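Trainee: Could you take me through one part of this protein slowly, the strands and the residues that join them? I would like one connected story that I can follow on the screen.

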Amino acid sequence: MSRAVRPGRALALLLALALTGCGAASAPQRAETAPTAEPFVSGTPKKSAPQETGGPSAAPQEEETMLYIQIGDATLTAVLEDNPSAQALAELLEDGPVTLEAENYGGFEKTARLPEALPQNDARITAGPGDVMLYQGDTVVLFYGSNTWSYTKLAHITETEGLEAALSGGETAFTLSLQP
């Protein structure tokens, strides 16, 4: 003996299936229309960004290129960015350390003119303590405060404790090198 399904009950069942997405026709459509969001990445991948290794089967990470800044009695360690400007700075320093005449500016940075211009990729950036920026292609700016302007990021100082004391003093020169 067969049971007849009442029209109201059949409609409710179809509506419930449609609302829960259990219908076979809706599954492929969802897969095709679901957004595939990628994380926002500005510029090229950075060597300086610490990354999880993911365990023993993960691919080895690229080695970071270090920049050493000698100012007075302090040696600051920075990680160079992975961009043409930072690569050009590293090439300049391959021949040996470069000592630059420096001055304090604005109560938040120490600046020094390079012996030659580097490639620029300026963007409006808010620099913060520890940022090493390129300004107008030929000036290195070491930040112990903050400022928003058009810069190209060269590096970031890894330890910012005591940074303001090291950079805001009366020193009139600092030395950049690839060796400690």
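Mentor: What follows is a walk along the strands, with stops at the residues that link them.

Please keep in mind that this is a predicted model. Let us start with strand S1, residues 66-71, which is joined to S2 by six bridges, the two strands running antiparallel. To see one rung of that ladder, find Ile69, whose bridge partner in S2 is Leu76. S1 and S2 form a hairpin with two residues between the strands, and there Gly72 takes a positive phi near 60 degrees.

Now follow S2 to Leu80, which is found in this strand of residues 74-80. Leu80 is buried, its relative accessible area being 4%. From its C-alpha to the C-alpha of Ala90 is 8.3 Å in space, although 10 residues separate the two in sequence.

S2 has a second partner to look at: three bridges join S2 to S8, and these strands also run antiparallel. Here Ala78 has Ile157 in S8 as its bridge partner.

That brings us to S8, where Thr152 is a good place to pause. Is Thr152 buried or exposed? With a relative accessible area of 2%, Thr152 is buried. Its side chain makes a polar contact with the side chain of Asp122, at 2.7 Å. Once neighbours within four places in sequence are set aside, the residues in contact with Thr152 include Asn83, Ser85, Gln120, Val132 and Leu134.

The residue after Thr152 on your screen leads to a charged pair. Lys153 forms a salt bridge with Asp131, and their closest N and O atoms are 3.2 Å apart. Lys153 lies in strand S8, residues 147-157, and Asp131 in strand S6, so this pair ties together parts that are 22 residues apart in sequence. Lys153 counts as partly exposed, at 24% relative accessibility, while Asp131 counts as buried, at 8%. Side chains of opposite charge can pair when their charged atoms come close.

How many salt bridges does the structure hold? There are two. Besides the pair we have just seen, Arg113 forms a salt bridge with Asp138, with 3.5 Å between the closest N and O atoms. Arg113 lies in strand S4 (residues 109-113) and Asp138 in the loop between strand S6 (131-135) and strand S7 (139-143), so the pair ties together parts that are 25 residues apart in sequence. Arg113 counts as exposed, at 56% relative accessibility, whereas Asp138 is buried, with a relative accessible area of 18%.

Since Arg113 has taken us to S4, let us look at the strand beside it. S3 and S4 pair in the antiparallel sense over four bridges, and Asn104 stands opposite Lys110 in S4. The two strands form a hairpin with three residues between them, and Gly106 in the turn has a positive phi of about 70 degrees. S3, residues 98-105, also pairs with strand S9, residues 173-177, in the antiparallel sense over four bridges. Along that pairing, Glu101 stands opposite Ala173 in S9.

Next come the aromatic rings. Four aromatic pairs turn up in a search of the whole structure. In one of them, the rings of Tyr105 and Phe108 have their centres 6.4 Å apart and their planes at 80 degrees, so the pair is edge-to-face. Phe108 is buried, with a relative accessible area of 17%. Ring pairs link Tyr105 and Phe108 with Tyr135, Phe143 and Tyr151 into a cluster.

Our last stop is the nonpolar interior. In soluble globular proteins, nonpolar side chains tend to be buried together. The largest nonpolar core here has 31 residues, and Leu67, Ile69, Leu89, Val140, Phe174 and Leu176 are those with the most contacts inside it. Which helix gives the most to this core? Helix H3, residues 84-93, does so with six residues. Try selecting Leu176: leaving out residues up to four places away in sequence, it touches Leu67, Ile69, Leu89 and Val140, among others. Apart from the 31-residue core lies another core, of six residues, among them Phe108, Ala127, Met133 and Phe143. You have met Phe108 and Phe143 already, as members of the ring cluster.

Note on methods
Residues are numbered from 1 along each chain as its sequence is written. Side-chain values use heavy atoms; hydrogens and water are left out. A salt bridge is a side-chain nitrogen of Lys or Arg within 4 Å of a carboxyl oxygen of Asp or Glu. Buried means under 20% relative accessible area, exposed over 50%, partly exposed in between (1.4 Å probe, protein chains only). A polar contact is a pair of N or O atoms within 3.5 Å; within protein, one must be able to donate a hydrogen and the other to accept it, and residues adjacent in sequence count only if both atoms are side-chain atoms. Contact means heavy atoms within 4.5 Å. A nonpolar core is a set of buried Ala, Val, Leu, Ile, Met, Phe, Trp, Tyr and Cys residues joined through side-chain atoms within 4.5 Å. Two strands pair if DSSP finds at least two bridges between them. Rings of Phe, Tyr and Trp (its six-membered ring) pair if their centres lie within 6.5 Å; planes under 30 degrees apart count as stacked, over 60 as edge-to-face and the rest as tilted.
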